[in-house]
Amino acid sequence: MSRIGGNLASGRAALAAALAAFGLAIASAVPDRRTENLVLLTLDGVRVQEVFGGMDPVVAFGRSKRSGIYDPERARRLYWRDDAEARRKALWPYFWGTLAPQGVVLGDAGRGSRATLRNPHGFSAPGYLELLTGRFHPDVTTNDARRYPYPTVLQAIRRGLGLRPEQVAVFSTWDALGLFASSEPDDLFANAGYARVPPALSNPAMDALGDYQEHVMALWEGYRTDMPTFHLALEYLKARRPRVLYLALGETDDWAHARRYDRLLDCLRLTDDYMRILWETLQSLDGYRDRTTLVVTTDHGRGRTPKDWVDHGEGIAGSEEIWIAIIGPDTPDRGVVGPAPTVHQADVAATMLELLGLPLASLPPEAGPPIRLP
Ligand SMILES: [Zn+2]
């Protein structure tokens with residue numbers, strides 16, 4: 001077992017380090033730890049099937065006409081390859097070509113790795129609350145946009161590092177996440193739904209995006225598209241230099257609910273480009289270069305069959321299957337990890353604290369433990 005934040009080779013030294021980290025949870029600072037900034041990226045409702053296998057033959061070539069592919073030739077040309085590794089690389093060339101080799105990716109059942117939920121619901125709000133607070137909350141049972149009284153890891157990081165609220169920034173396509181992200185208003189900076197960045201933190205680029213976002217028609221009512229969310233976050237990153245950025249994209253879930261598998265694949269391909277621009281920007285800036293860890297994950301999986309891949313929730317098998325990628329200067333360069341012990345969505349919060357050298361005690365004792373690698 002080794003700390004995810006370690007480069008320890010293996011065997012006894014790694015075991016000793018893991019035990020030390022457990023035994024000295026309060027003193028989790030490690031001498032060679034390099035992570036000073038953290039970027040959390042969530043992609044709503046993205047299945048393990050697409051992450052690890054690209055275009056899914058079960059959905060795309062099932063006998064049922066339920067895939068939602070309007071132009072099969074185009075989809076096949078763009079995304080179909082004969083083996084799963086080539087397919088996932090066709091869908092996410094930057095993630096698999098550049099990011100994954102600099103970190104670890106958990107949740108590939110084919111390699112004996114499982115990432116799953118503590119909450120039994122398999123839909124967004126319970127998942128984001130679990131992710132952000134490190135535990136399952138039985139009272140989070142709807143997607144209603146409301147603030148919960150549970151402090152999040154983002155708040156714990158702000159206090160732990162002594163940051164100003166605007167140094168912990170949340171940009172979200174879904175308005176509700178702006179509320180889920182902190183138990184207290186104004187404890188961090190959140191821009192969600194169609195909100196504009198306030199003048200004190202904005203600049204001409206962010207102001208322009210605030211105008212344009214009204215002119216991009218989203219697939220469903222109520223949520224903006226990912227384009228303004230992403231670019232607002234990027235401009236904010238460059239101008240305001242937050243130590244923690246939580247970027248929550250949501251369009252992948254929308255295309256799936258619309259039963260447009262072809263457009264879901266296009267959206268995932270676009271998301272890879274967002275990941276490329278994000279990482280290249282981080283590596284171009286002093287203060288972020290080689291000192292930033294990126295965590296990428298999802299709130300829930302979805303159904304596995306040609307009929308129910310569009311949906312997710314209790315009773316839909318597959319909704320509990322998630323994946324977690326951690327890329328940065330302190331993660332071993334291993335790509336897909338497995339076989340590995342099962343990890344949970346609730347374990348991400350403590351992992352984030354550990355990456356930043358903060359005491360695990362700033363989360364409640366019921367919170368999931370930091371992720372350990374085999
Ligand atoms: Zn959904």
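Which residues of helix 8 are buried? I began with this entry and found Val 153, Leu 154, Gln 155, Ala 156, Ile 157 and Arg 158. The model I consulted throughout is a predicted one.

**Entry 1. Helix 8 and its surroundings**

I next looked up what the buried residues of helix 8 pack against, and noted helix 7, strand 5 (168-172), strand 7 (244-249) and helix 14 (348-355). Just before this helix I examined Thr 152, which lies in the loop between helix 7 (124-133) and helix 8 (153-161). Thr 152 counts as buried because its relative accessibility is 1%, under the 20% limit. Setting aside residues up to four places away in sequence, I recorded that Thr 152 touches Leu 132, Thr 133, Phe 180, Ala 181 and Ser 182. Just after helix 8, I noted a positive phi of about 65 degrees at Gly 162.

**Entry 2. The zinc site**

I listed the protein donors of the zinc ion: Asp 253 (OD), Asp 253 (OD), His 257 (NE2) and His 312 (NE2). They lie 2.1 to 2.5 Å from the ion. I wrote down the sequence spacing of the donor residues as D-x3-H-x54-H.

Why is the arrangement around the zinc ion irregular? The four donor atoms subtend angles of 55 to 152 degrees, which makes it so; a tetrahedral site would need all angles between 85 and 135 degrees.

I then placed two of the donor residues: Asp 253 and His 257 both belong to helix 12 (residues 251-257), where they are four residues apart, about one turn of the helix. In an α-helix, residues three or four places apart point the same way, because there are 3.6 residues a turn. On burial, I found Asp 253 buried, at 9% relative accessible area, whereas His 257 is partly exposed, at 32%.

**Entry 3. Nonpolar cores**

I looked up the largest nonpolar core and found that it has 60 residues. Those with the most contacts inside it are Met 55, Trp 92, Phe 95, Trp 96, Phe 171, Tyr 261 and Trp 323. Helix 13 (residues 261-284) gives the most to this core, with 10 residues. I noted a second, separate core of 50 residues, which includes Leu 154, Ala 156, Leu 353 and Leu 355. In soluble globular proteins, nonpolar side chains tend to be buried together.

I followed Met 55 further. Beyond its neighbours within four places in sequence, Met 55 is in contact with Ala 60, Phe 61, Ile 69, Ala 75, Arg 76, Tyr 79, Trp 80, Arg 87, Tyr 261 and Leu 265.

**Entry 4. Aromatic rings**

I searched the whole structure for aromatic pairs and obtained 14. For Tyr 261 and Trp 309, the ring centres are 5.1 Å apart and the planes stand at 80 degrees, so I entered the pair as edge-to-face. Tyr 261 lies in helix 13 and Trp 309 in the loop between strand 8 (292-297) and strand 9 (324-327), so the pair ties together parts that are 48 residues apart in sequence. Tyr 261 is buried, at 0% relative accessibility, and Trp 309 is buried with a relative accessible area of 0%.

I also recorded one aromatic cluster, formed by Phe 52, Trp 92, Phe 95, Trp 96 and Trp 323. The charged end of Arg 88 sits over the ring of Trp 96, 4.0 Å from its centre. Similarly, I found the charged end of Arg 263 over the ring of Trp 255, 5.4 Å from its centre.

**Entry 5. Ile 277**

I located Ile 277 in helix 13 and entered it as partly exposed, at 21% relative accessibility. Apart from neighbours within four places in sequence, Ile 277 is in contact with Phe 230 and Leu 234.

**Entry 6. Backbone details**

Which peptide bond did I note as cis? That from Gly 338 to Pro 339, with omega near -5 degrees. Pro 339 lies in the loop between strand 10 (335-336) and strand 11 (343-344).

I noted a positive phi in two residues that are not glycine. Asp 186 has phi near 65 degrees, lies in the loop between helix 9 (175-180) and strand 6 (189-192), and is exposed, at 67% relative accessible area. Arg 241 has phi of about 50 degrees, lies in the loop between helix 11 (226-240) and strand 7, and is partly exposed, at 38%.

Technical notes
Residues are numbered from 1 along each chain as its sequence is written. This is a predicted model: local features need pLDDT of at least 70, side-chain atom pairs count only at pLDDT 80 or more; totals for chains, interfaces and linings use all residues. Side-chain values use heavy atoms; hydrogens and water are left out. Donors are N, O and S atoms within 2.8 Å of the metal (3.2 Å for Na, K and Ca); water is not among the atoms, so sites may look incomplete. Four donors count as tetrahedral if all angles lie between 85 and 135 degrees; four count as square planar and six as octahedral if opposite donors are over 155 degrees apart and all others between 65 and 115; anything else is irregular. Buried means under 20% relative accessible area, exposed over 50%, partly exposed in between (1.4 Å probe, protein chains only). A nonpolar core is a set of buried Ala, Val, Leu, Ile, Met, Phe, Trp, Tyr and Cys residues joined through side-chain atoms within 4.5 Å. Contact means heavy atoms within 4.5 Å. Rings of Phe, Tyr and Trp (its six-membered ring) pair if their centres lie within 6.5 Å; planes under 30 degrees apart count as stacked, over 60 as edge-to-face and the rest as tilted. A charge sits over a ring if NZ of Lys or CZ of Arg is within 6 Å of the ring centre and within 35 degrees of the ring normal.
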